[in-house]
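Thanks for coming. I'll go through one structure this morning, strands before helices.

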Amino acid sequence: MLNDYVKIFDTTLRDGEQSPGCSMNIEEKVRLAKQLEKLGVDTIEAGFPIASPDDFSAVSEISAILKNAEVCGLARALEKDIKKAWDAIKKAKKPRIHTFLATSDIHLKYKLKMTRKEALKQAVLMVKYAKSLCDRVDFSPEDAARSDKLYLYEVLSAVIEAGADTINIPDTVGYAMPEEFGELIADIIKNVPLIKKKNIIVSTHCHNDLGLAVANSLAGVINGASQIECTINGIGERAGNASLEEVVMAISTRKGFFNLKTGIITKEIYPTSKLLTQITGVKVQPNKAIVGANAFAHEAGIHQDGILKQRETYEIMKPEDLGINKTKLILGKHSGSHAFNDRLNELGFNLNKEELEDAFIKFKVLADKKKNVYDEDIALIASESGKVIKETYILKTLNVVCGTHGLPTASIILIDKDGKEHAEAKIGDGPVDAIYQAVNSILGIKNKLLEFLIKEVTEGIDAQAVVTVKLEIEDKVYFGRGSSTDIVVASAHAYLNALNKYLALNV
Ligand SMILES: [Zn+2]
């Protein structure tokens, strides 16, 4: 290791943009580039200028705007590519050309149709050409992980001699194992003496085909690499690249293990990830490390209790350090009253002891039906528990039969305030109509249904439905509201709620 600083080379806008569904227009690329600079990346590979006029313009615009980060343009080891890359980046404060040529026999033979000797010559020639235009030159021996090592050392020595200040070692097809890749980096440093002599940066570029891009990149820095090429959210060709947030947080969380640092402002990690998601519409999996929706969500009751007592019991990073507002405790059926009360306070509810007990019972009932209880669910429960109206009738049981055959039938049992049960069964035009007729038959209150609304308040298939009804009774309007994961049950509650209001005020 030359020093303890690991450069972060971001290729979200180049390799990342090549991933399906992740293409961006110029304006979007500029927005993301600005955010990447705010994040503190050392180098932004802004595109592949010869690939298309749009790519060229994006790289050129980004070059004109950025102040601190190096702006890099990718080029094959061809004169026209390098010229185009230079034209796109020359306005940058710190321009960089990244040129590449494959060194594995399989690529040389089938793709490039070149001999090893020809490839070596071409690489040297093109690095020299790039260096004549731009002071910063990066060279990648494509498919390095599958290249013959002796030949690889020869090529790397020659391109350093020709002017490359960075040599980037790609595991192009994501084939290497961490130990192997680490050893490759160590071997390169040992067998290419010019690296130490000239303070050359050795960089990693790992693909995630076997899910090892981050592990391989970290194995690289342990063995002396001082730059990691990576992308936000790990996007990139096929299974993607090493994810920036994961390599950075591994280095930062395990300081004592790596003894390394990066220039990344970790508070900008989450906002950058969100911006990329927003621009591309490609979401990260919920269990994705660092930036996934569940990365800081604790569901098990024991974990939640532990977190509330002392965060470090179950959390190795602080979400605030990543720019995530706070740990998201997902309440579920395993959650205890401690977590529930805590969340109520955070949401601004201040319930008295009785209301709290009532709300917690309702929460438990809901959590049995619904895996994740969201803030909206809790707010709903709390607002209902906070203002308990005196209910003359409550629903004991409800059964509805409906479908494509036969008439919708509802049978219900209500309990009145004296504890007496009232049972009734009715048929109707639909299940809700059948319920309302059964209720009317028990209560005997003449009313007109003016409005019936169903609203989903939470996400997913197990969302809570809120039904609101508007009834006209004796020229006055009464609103009723009911919630349940079952819209039919919610409809019954809403209807009874309105009728109970009438009874509370008029009887
Ligand atoms: Zn790549």
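Two strands count as paired here if DSSP finds at least two bridges between them. Keep that in mind for β1, where Phe 9 stands opposite Thr 43 in β2, and Asp 10 stands opposite Ile 44, also in β2. Those strands, β1 at residues 7-10 and β2 at residues 43-47, run parallel and are joined by two bridges. I should say now that this is a predicted model.

What does β1 pair with on its other edge? The partner is strand β8, residues 227-230, in the parallel sense over four bridges. Ile 8 of the chain stands opposite Ile 228 in β8.

Now the whole sheet. Eight strands form a closed barrel, in the order β1-β2-β3-β4-β5-β6-β7-β8, with parallel pairing. On average, neighbouring strands of this sheet are turned by 25° against each other, direction ignored.

Next, the helices that pack on the sheet. Helix α2, residues 53-65, touches β2, β3 (70-76) and β4 (95-102), and its direction makes about 150° with that of β2. Further along, α7 lies across β6 and β7 (201-206), running at about 155° to β6.

Helices also pack on each other. Two packed helices are described by the angle between their axes and the distance between the axes. For α2 and helix α3, residues 79-89, the angle is about 40° and the axes are 7 Å apart. That makes α2 oblique to α3. On the α2 side the contact is made by Phe 56, Val 59, Ser 60 and Ser 63, and on the α3 side by Lys 84, Ala 88 and Ile 89.

The last element is α6, residues 149-162. This helix has 14 residues and reaches 20 Å from its first C-alpha to its last, close to the 20 Å expected at 1.5 Å a residue. Which residues of α6 are buried? They are Leu 152, Val 155, Leu 156, Val 159 and Ile 160. They cover an arc of only 130° around the axis, which puts them on the same side of α6. The general reason is that an α-helix has 3.6 residues a turn, so residues three or four places apart point the same way.

What do these buried residues pack against? The list is α5 (116-133), β5 (137-142), β6 (166-171), α7 (178-191) and α8 (194-197). After α6 comes Gly 163, whose phi is positive, near 125°.

I'll stop there and take questions.

Key. Residues numbered from 1 in each chain as written. Predicted model: local features only at pLDDT ≥ 70, side-chain atom pairs only at ≥ 80, totals over all residues. Expected span 1.5 Å × (residues − 1). Buried ≥ 20, exposed ≤ 12 C-beta atoms within 10 Å, placed from the backbone. Arc of directions from axis to C-beta. Contact = placed C-beta atoms within 7 Å. Axes fitted to C-alpha atoms, helices over the stretch in contact; angles between N-to-C directions. Parallel < 35°, antiparallel > 145°, perpendicular 65-115°, else oblique.
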